Amino acid sequence: MIRVQQIRVPLNHSRDNIEHKIRKILNLKKDREFTFEIQKQSIDARRGKEAVYVYTADADLGMRPEKEKKFVEKIHNNNIMLTNDKPYHFSQTGTASLRHRPVIAGSGPAGMFCAYLLALHGYHPVILERGKTAEERRQDVEQFWKDGILNPGSNVQFGEGGAGTFSDGKLNTLVKDPSGRNRFVLETFVRFGADSSILYVNKPHIGTDMLTGILENMREEIIRLGGTFYFETCLTDFEVKNDRVCSVTVESPMGRQQIPADVLILAIGHSARDTYEMLLQKQVPMQAKAFAVGLRIEHPQSMINELQYHGADMRYLPAASYKVSASMPDGRGVYSFCMCPGGYVVNASSEEGRLAINGMSYHKRDGKNANSAVIAAVTPQDYARFGDSPLAGIAFQRELEERAFKLGNGKIVQQLYGDYKEGRISSGYGDFASQTKGESTFADLNTLLPQELGQALIAGMERFDTYIHGFNRPDAILSGIESRTSSPVRILRDEQFQSAVRGIFPCGEGAGYAGGIMSAAMDGMKAAEAIGALWRF
C-alpha cells in the first residue's frame, strides 16, 4: 500500500474529489484503476486561508511490493511513502495453567477491553461491576438529573462503561503505541456499532447517546465467548495465600459471596474510593499522585466556531473544539480538560453530600454551548495537611466536593466569570444561558478552592484570552466543582503489571496509569497481554 499525505480538498467535497486528488498526486492515468482507504482526516482553517479538509489515505495500485517501492522512489515526494503499519497481535507465551477464571473488577474501558481480549483467547473472564448495565444505568442517571436523588451504586461514575459513558466518548489520546493497540480499540468500537469515521477523524468521539448500545453489543460478545458479568456486585475483599491472591469477596443484592481466583485485574476507575480504602487495609502498595482540580467554563459554541474556523462555512464543519494551557510563574500548570463541543455541564456526583461535575456531549454535538474544564495541577504537597497517606488526595477531593454540595444544596453551583473575579454572586446569565444536566444555582465559587488555586485559574483564563479572544468574557459561565479529572492514587505494579501481591494486576485510570477512554482501554489490553505472557487457561 502507498500512503498519500496532504490530500487537500474543499469543505464541500465527496469521495470522488479525494480519489481525483490522489490520482493527481500519484500522476496516474485517468483509466488506471485503484482503491484507497482513508487513514486520517483533519481540518486546516488557519487565518487568512480558505478552510479545507486534509486527508491521509492508503492507495492500492495492485502492484507487487518491489514495484510499489520503485514507484514511490521515482516520484520523489515526501508526502508519498510505503505503509509500515502492523496489525495488533495478542501473544500467548505463558506455559503455566490458571486454576480459576480471571476476575476483573470494573467494566470501564480498561476492564471491558481486558475482558474482551481475554475472552477472545479462551480465558472466560468473570467481570464484576458495582453499578448496573449501561441501559439501566442511563435511566438512573437521567432520573438523578431530574429529581436530584442520587443512587450511590448507579450514577455518572459507576456502571457499565465507567465514567467515560457520560462524558462524550472522546477517543483521542497522546499515547504513542506502535503495537497497534490504538487501532484495535477503534476498530472494536466500530465492530460493535460506532461510526467508521472514528477510524480516521483527527479527534474521534462517539457521543454519550451512542455508547450505551455499543457497550451492550460488546458485553453480549464477551458473554458469547464465555465471559460472565455480575452487575450490582462490588469487590469488598480478597484473600491471600503464600503471597498470592487466592479468592475475592463480593457484595451484591444476593448477599456476600466468595469467588476463587488466582488472577484479579483491578480496573476500578478513579471514583472507587471504598475500594482504595480496602486495598490500603490489605497493604497493597499505593502512592498519592498529582492530579488537577478546577471549574468548568461555558461559552457560546457559535463563538468558538467563529474563532477556530475564522468564518468558514459551518454547513460542512463539525462543532469546533479547543485546547489551551499555560504555566504560571510558580510553575503550576493551568489547562483546559475534557473539552465538550456542543455539550452540557453535568452533575457527576457519586457520594451522598458531595458534588462533582463533568462535561458531556451527544453524538451530534449540537448543543448551543461549548464547555471545558479549566483546571490547575495539584501535587501531594498541595494536600499535605491531610497527611502522608496514599489516600490524602481523596480526602482533598472530598473536602472540595462537600463545600460545593453545601454551597448549592446539591445543585450545580455557578457564577459568571466577571462576578467570580469580583467576588460577588451572580444574579442571572448574560448573553447566553447555561446548558446543564441537573439543576443549578448561583453561588460564590471563590469559597470552593484554596486561594492559590483560585488565583491560578484566573491568571490562566486571562492568559487563554490571548489564544481565544473572548475566553475571559465577563458572562462566561463557571460551574463547580471539577474534582474527578484523574485518579489521585497510583496502585503500584512491576514490569509484569503485577502488584507486590502477586496475581493482582492494577490497570486503567483508577490504578493511575491512564487518562481517558483510549489510554485506559489500551492499558487494560496490556494487563490482558501480561496475563497471556504468564498463563494459559
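These are my notebook entries on salt bridges in this structure, which is a predicted model.

Entry one: the total. I searched the whole structure and found 37 salt bridges. Side chains of opposite charge can pair when their charged atoms come close.

Entry two: arginine 181. Which residue does arginine 181 form a salt bridge with? I found glutamate 529 as the partner, with 2.8 Å between the closest N and O atoms. I then looked up where the two residues lie. Arginine 181 belongs to helix H5 (residues 181-191) and glutamate 529 to helix H12 (residues 517-532), so this pair ties together parts that are 348 residues apart in sequence. Are the two residues buried or exposed? I noted arginine 181 as buried, and glutamate 529 as buried too.

Entry three: glutamate 66. I looked up the salt bridge of glutamate 66 and found its side chain meeting that of arginine 64, at 3.0 Å from N to O. The relative accessible area of glutamate 66 is 43%, so I recorded this residue as partly exposed.

Entry four: arginine 315. I found a salt bridge between the side chains of arginine 315 and aspartate 313, with an N to O distance of 2.7 Å. How exposed is each partner? Arginine 315 has a relative accessible area of 66%, so I put it down as exposed. Aspartate 313 comes out at 30%, so I put it down as partly exposed.

Entry five: a network. I also looked for salt bridges that link up. One network joins Arg273, Glu277, Glu351, Arg354, Arg398, Glu401, Glu402 and Arg484.

Terms used. Residues numbered from 1 in each chain as written. Predicted model: local features only at pLDDT ≥ 70, side-chain atom pairs only at ≥ 80, totals over all residues. Heavy atoms only, no water. Buried < 20%, exposed > 50% of the residue type's maximum accessible area, 1.4 Å probe, protein only. Helix = DSSP H or I, 4+ residues; strand = E, 2+ residues; numbered from the N terminus.
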